[in-house]
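Student: I'd like a close look at one buried spot and at how the parts around it are put together. Pick a residue, start there and work outwards, please.

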Amino acid sequence: MLQTVTERESIGTTQLAAYRFMLRARLLDEKFAALYRAGKIHGGVFLGRGQEALSAAIGVHLNKSDVFAPLIRDAAGRLAFGETILDAVRTYMGSALGPMRGRDGNVHRGKPQEGYLAMISHLGAMISVVNGVLFARRMKGISSIVGVACLGEGATSTGSFHEALNQAAVEKLPLVLVVANNQYAYSTPNDRQFACDDLVHKAAGYGVGAHSVVGNDLVACLKVVGTAVARARAGQGPQLVVANLLRLCGHGEHDDAGYIVPELKNSPLGRDCLKLAEDFLLKEKITDAAQLAVWRSEAIREIEDAVAQVQREPAPDPFAENWTALSTENLAEGRE
Amino acid sequence: MPQIPIIMPQLGESIAEAAIISFLVQPGAQVEGGQDLIEVETNKATMTVTAPCSGRIESFSAELNESYAVGDVLGKLEVTAEEAKRAGLDVPPPEKTGDTESIVKQQPTGKSSRVEPTIRGLPVPANATGASYMSPRLKARMHELGLSAADLAGIAGSGAAGRVTVEDFEKFMANLEQQKLTKASSMRVAVADAMRRSWTRPLATVGLPVALDALLAHRKSCNPKPGPALYALRALALALAENSAVAGRLVGTNIVHPSSIDVGFAVEAEDGVLVPVIRAANKKSLKELVVRYDELVELARQRKLPADATGGSVATVTNFGTFGLIWATPIPLPEQTLVLGLGAGRKMPHWDEAKGQFVPVTEAYLTLSFDHRVLDGGAAGRLLQRIAALMKQPELL
Amino acid sequence: MSITYLEAIREAQAHALRDDPRVFIYGQDIGAFGGAFKATKNLAKEFPGRVLDSPISEDAMVGLAVGAAIEGMRPIVEMQFADFSTVGFNQVVNQAATLFWRTNVSCPITVRLPFGGTSGSGPFHSQCIEAIYAHYPGIIVLTPATVEDAYSMLLAAVATNDPVIFCEHKFLYYHLKAEKLPSEALPIGKARIAREGRDLTIVTYSAMVHEALAAATELATEGWEIEVVDLRSVKPLDTDTVIASVARTGRLLCVGEAWPWGGVTAEVIARVSAESYGLLDAPPQRLNAKDTPVPYHPNLWAAHRPTARSVAAAARKLLRF
């Protein structure tokens, strides 16, 4: 069906917005990788290279009042949901002023009180937490919201995934579960991870909505994720989105990803979503090359400024640290 | 005919008791094994208690609407011996080992225990000689009160292997307060502390009589006159100069050798003993020593010893003969290995081979107490012989 | 009128639901059925939509509670048996227990664990696993021994802004009765002197308090005065009260129904030894269950866990030292 001019403009705006989050996420990731190689980041660095289209498509479809539990390759979605580049840099560099105050780092960041959940490392564990937030909001009479939990295909093998998706289905919660099937869970290929023809078939088993999408195609991602989010928001229960794509980097910056077979790299899945999105925007004349260059240099400047600022910020002070894990301080043990 | 109890059965996981809702048969009724007898209600469900075997209901002891714990007797069933045997109910049930009932009813558990406690043996003091083991608390209390193990020697311990428990200790202390107590002088406490510390070592004493006639004759020719103890001191200093290793101290696996033959001598002062020290006593003649000796005795009696005249000596001389004693086993100072003692001089008959008769000789015992870890009886004896030989030739001193 | 330990737990939940609209209860079979032990009897009817059956998904049950707590609710999760909570262990110790420290957002959830041995319950319906939860920072672990504490401590748990593992002993559910519910209570983190004495201190908690009291009664006939300290909460652990008691008696016996390795009894002894070595007139001792799974047959079970008899035997041995 032909789209009206207004619809086309609106879609174009969304596409542009998503593209800009993808671009900023890619450049931010590259900066993290450079800082890691320079020894300026403690611990690991995990890139979203190849997954930005899917991630951005999630972020742009969420409102501030929604719930988002991103995973490790969701820098684009995080920015789109409202995270600042400064908070991302602060968390990676362990700044005392960041949302995690140096107590946790890299991708383990969030602001739970704003519906932006900070992931723990145990895969699948965040889904039921999203369920809980949605459950509580429903008890409080809040409607027309959705909660998105992101995971990889590896997490679909966990008990937590099963328990939580079933729970969401039983409670008919507005959960959108987005699985980025990037073909490898760390180094384990899909044929050692699951035996079904397509992960999206699992949706039927749980009684939830099913959506498949080619994950390096921004336009497709926006459409499919948008549909899933809209259905969940409209009260049609949990939705499972499975995006097929390829991780264009190692599990972390310590990993050269030598296990990724050339056939996959050379297949359509191996094409870079950011390049594909740029080609599309130029071809459809939604924007021009000069504008893309401006956005790129603006993003680089913003990132460089943030890194420069964070490097001047105080590191956490072990002597000033409040070493108690309880919010009820008088019940904490071992205080000195 | 045997009677078999009708028991509240285990009605499900974690069910501890059930209430009687109704009796489905009356006493006197003939029932079959497995027949429903009593309807009971648990928190989970309504269930029934069944007959353990065929027989006649003798009585119900349970009452309607009352709760009974699992295992409680609800009534009795009269059965034939044959039936009881067939149902395997002719042997009494094993003694119940659970303590379930004792909690609810606080029954005394006087029966002999079939259950070995899982606790293992407490460590028994390795040395079963009473006060050898001191608990942390006992040590802490002693420390608090400034007491040492020696102070506990009079307590009969009531603990394992006769050890003194804190209770024994506190009783002992409370009892002390009933008696007359005076404050020991600081001198007394200092001596006590030194002796107690010294006594941690294996000490031994050897003795030898020595004729003093030559010494006494020599003394008459001197002015001022040195006392017999000073002769002994000088003799000891010369003997040690020849072999100072015997005055060394054992620390771990090393012998610490004296760097200078500084010798002390005991002077009785009020309620204690002071030990002034003569430095390098081997390097001064008797004549030179006597002035210093007399001066230090006087200063000690006045309790005015200068700092350079106390401490750091390698051995001590004590003249217990001044108390009329002929023999003693003095204890060396804790930092010393040797203490030389001199007994009272007595006229003793000595057989004179040349004259063929007894002649009077003035004789006194020399004693040497020593740390047996550092030297043995032989070495101590040789040292004492050498000292005696020097004392017999006072002109060499 | 009398009220059981179990009824006190039900009443505390009814009270919490009535007083605080943020409270809801989530667990298996707890809705219309009222729970495996009837701890939520009639609550679903009385508080519609707030006492909810969950799927058999311990992990997701706790995860949901954490999410709801982030939203300001005060969920109570009922584990059908403490033993099954290990399936949801990850969400408790990694999600709930770390949330506040990581994000500065409190996690006021109460996880009720019906725990401890009862006759015939066997290896998977009898476990005492308070120590493994207490091992993790960020969790409060409560172990009430009386009807009054079951009631007041559950209310306190729901009111606490941190994750609480509430260990309610199944053995006490029906056995323990009180005349009425308490109107006041000791605060969380304070131990209670359950019986005063001067010869030996028994430190224990939950059902073992009653075994220790029975042992103390028996030992009293032999002339011994045993002090029994009921910890009430194993984390935080009221070291001060324990040490004050050891100061009075000089002898310490710790009793726990849990397995011995690295548990609450070990922790108490470590603290007393380290912080008040000079108060001990005898080596501190402990008595725990045997280091095997919990057996099924009553004879084996009674020998597996400490009982009044074995507590008394251990105490006698220590008293003779």
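**From one tyrosine outwards**

Tutor: Let's start with B:Tyr293, which touches B:Pro226, B:Leu230 and B:Ile278 once its neighbours within four places in sequence are set aside. Bear in mind that this is a predicted model. The residue sits in helix α8 of chain B, which runs over residues 286-301. Is B:Tyr293 buried or exposed? It has 22 C-beta neighbours inside 10 Å, and because the cut-off for buried is 20 or more, B:Tyr293 counts as buried. There is also a pairing across the sequence to look at: B:Gly227 is 66 residues away along the chain, yet the two C-alpha atoms are 9.2 Å apart in space.

Now zoom out to the chain that holds this tyrosine. Chain B is built from 9 helices and 19 strands. Of its 397 residues, 31% are buried. If you take the chain B contacts between residues at least 6 apart in sequence, 62% of them join residues at least 24 apart. The domain assignment cuts chain B into domain 1 (3-92), domain 2 (136-181) and domain 3 (203-396). Between domain 1 and domain 2 of chain B, the C-alpha centres are 62 Å apart.

Chain B also has an open sheet worth tracing by eye. Its 4 strands come in the order β1-β8-β6-β3, with antiparallel pairing. At the edges you'll find β1 (3-7) and β3 (30-31) of chain B, each paired on one side only. Follow β3(B) inwards and you reach β6(B), residues 55-60, an antiparallel partner joined to it by 2 bridges. In that pairing, B:Gln30 faces B:Arg56 of β6(B).

Next, the cores. The largest nonpolar core has 245 residues, and those touching the most other members are A:Met22, A:Ala57, A:Val130, A:Val178, A:Val241, C:Ile202 and C:Ala315. Helix α1(A) supplies the largest share of this core, with 10 residues. To see what one of those well-connected members touches, take A:Val241: beyond four places in sequence, its contacts are A:Val176, A:Leu177, A:Val178, A:Val179, A:His211, A:Val213, A:Val224, A:Val225 and A:Ala228. A second, separate core has 52 residues, and B:Ala237, B:Ile261, B:Ala309 and B:Phe370 are among them. As a background point, nonpolar side chains in soluble globular proteins tend to be buried together.

Over in chain A, helix α11 is a nice one to check. It has 24 residues (289-312), so at 1.5 Å a residue it should span 34 Å, and the 35 Å between its end C-alpha atoms agrees with that. Its buried residues include A:Ala299, A:Ile303, A:Ala306, A:Val307 and A:Val310. As for the spacing, an α-helix has 3.6 residues a turn, so residues three or four places apart point the same way. The buried residues of α11(A) pack against two other helices of chain A, α1 (5-37) and α4 (85-93).

Chain A also meets chain C, in a contact that takes 33 residues from chain A and 36 from chain C. On the chain A side, the elements giving two or more residues are α5 (125-139) and α6 (159-171). Helix α5(A) gives the most there, at 11 residues. By class, that side of chain A splits into 16 nonpolar, 12 polar and 5 charged residues.

That brings us to chain C, which is divided into domain 1 (3-178) and domain 2 (192-319). Their C-alpha centres are separated by 26 Å. Across the boundary, 25 residues of domain 1 of chain C are in contact with 21 residues of domain 2 of chain C. The elements giving two or more residues to the domain 1 side are α5 (130-135), β6 (140-142), α6 (147-159) and β7 (164-169) of chain C. That side has 14 nonpolar, 9 polar and 2 charged residues.

Last stop: helix α3 of chain C, residues 58-70. Its 13 residues should span 18 Å at 1.5 Å each, and the end C-alpha atoms, 19 Å apart, agree. Since 13 of the 13 residues of α3(C) are buried, the helix is largely enclosed by the rest of the structure. Just after α3(C) comes C:Gly72, with a positive phi of about 95°.

Technical notes. Residues are numbered from 1 along each chain as its sequence is written. Chains are lettered from A and ligands numbered from 1 in the order in which they are written. This is a predicted model: local features need pLDDT of at least 70, side-chain atom pairs count only at pLDDT 80 or more; totals for chains, interfaces and linings use all residues. Domain bounds come from an automatic or database domain assignment. Two residues are in contact if their C-beta atoms, placed from the backbone, lie within 7 Å. Ala, Val, Leu, Ile, Met, Phe, Trp, Tyr, Cys and Pro count as nonpolar, Asp, Glu, Lys and Arg as charged, and the others, Gly among them, as polar. The expected span of a helix is 1.5 Å times one less than its number of residues. A residue is buried if 20 or more other C-beta atoms lie within 10 Å of its own, exposed if 12 or fewer, and partly exposed in between; C-beta atoms are placed from the backbone. A nonpolar core is a set of buried Ala, Val, Leu, Ile, Met, Phe, Trp, Tyr and Cys residues joined through C-beta atoms within 7 Å. Two strands pair if DSSP finds at least two bridges between them.
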